[in-house]
Amino acid sequence: MTAVRAIRGMMCGAGIALLVAGCGTDSEGTATPVTTTTGLPIAAEAPSSFDPCTDIPPEILASESLVPDGLDSNVDGGQGIKWRGCGYVAPDSYAVGITTTNLTLPVVRDNDRFVVRHEYTVDGRAAMAVDAADDPDVRASCTFYVEMAGGSLELSMDNPASNDKTGHLDTCGLALGLAEKVAPLIPDA
C-alpha cells in the first residue's frame with residue numbers, strides 16, 4: 001500500500017496543483033463547491049451515495065481475494081480534496097484503496113502531474129486510468145477513476161513485480177477488471 005499512499009499523498013500535497021480559490025458555506029451552513037484556479041470546481045465533500053466499505057458485497061471481494069487492510073482510508077487532503085472509503089489487499093497480489101473522492105475526471109485530466117493512460121466507459125460511466133507523470137514503473141501502480149455525481153470512485157492500486165499472483169500483470173488492467181465489478185453498484189444519483 002506504500003505506492004497507493006504515495007499517490008494519494010502527492011495529490012494531497014502539491015501534486016494536484018489546483019490552488020483552491022475558495023471554499024465556504026452559504027448563509028444556511030451548506031458547504032459550497034471549491035473552485036480551482038483553472039476554473040474547474042470540486043464539490044465540498046466526497047460523494048456519499050456509495051460507501052466502498054459497506055456497499056461492495058462479500059462475493060465481489062472474495063472473487064478478487066480481497067480482505068480489508070485495516071488502515072484508515074478516509075483522508076481530508078489539502079486544497080479541499082477528500083477521500084472516503086477502505087483499503088483492501090489480496091495476498092501475493094495487489095493492494096487497492098477504494099474510495100469516493102470529490103475529484104472529478106476533468107480535474108484529474110487537467111492536472112499536468114498526471115498522465116492519462118487510457119479512457120474507458122465502465123457500466124455506462126466515463127472512466128480513466130492515470131499514472132503520476134514521473135512514475136518510473138507505470139506497470140506497478142495505477143489510479144483508476146469512475147465518474148460519479150459530485151466526484152468519482154477512485155481505485156488506487158499497487159501491484160509490485162514481486163507479487164507472485166499478479167506482479168507480471170499490468171496494474172491498470174487489474175484496476176479496470178475490478179472497476180467493472182464495482183461500478184454497477186454505484187447509484188445513479
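**Reading a predicted chain**

Student: Over which residues does pLDDT stay under 50?

Tutor: This is a predicted model, in which local features need pLDDT of at least 70, side-chain atom pairs count only at pLDDT 80 or more, and totals for chains, interfaces and linings use all residues. Numbering starts from 1 along each chain as its sequence is written, and side-chain values use heavy atoms, with hydrogens and water left out. pLDDT is the predictor's confidence in each residue, from 0 to 100. The model has 79 contacts (heavy atoms within 4.5 Å) beyond four places in sequence for the stretch where pLDDT stays under 50, residues 1-30.

Student: What pLDDT does the chain average?

Tutor: Where pLDDT is low, the predicted coordinates should not be read in detail. In this chain, 79% of the residues score at least 70, and the average is 83.

Student: How many of the 189 residues, in percent, are buried?

Tutor: Buried means under 20% relative accessible area, exposed over 50%, and partly exposed in between, with a 1.4 Å probe and protein chains only. By that cut-off, the buried share of the 189 residues is 46%.

Student: Which element gives the largest share of the largest nonpolar core?

Tutor: A nonpolar core is a set of buried Ala, Val, Leu, Ile, Met, Phe, Trp, Tyr and Cys residues joined through side-chain atoms within 4.5 Å. The largest one has 29 residues, and Val-96, Phe-144, Leu-153 and Leu-178 have the most contacts inside it. Elements supplying at least two residues each include β7 (95-101), β10 (141-148) and α4 (171-182). With seven residues, the largest share comes from α4.

Key: Helices (H or I, at least four residues) and strands (E, at least two) are DSSP runs, numbered from the N terminus.
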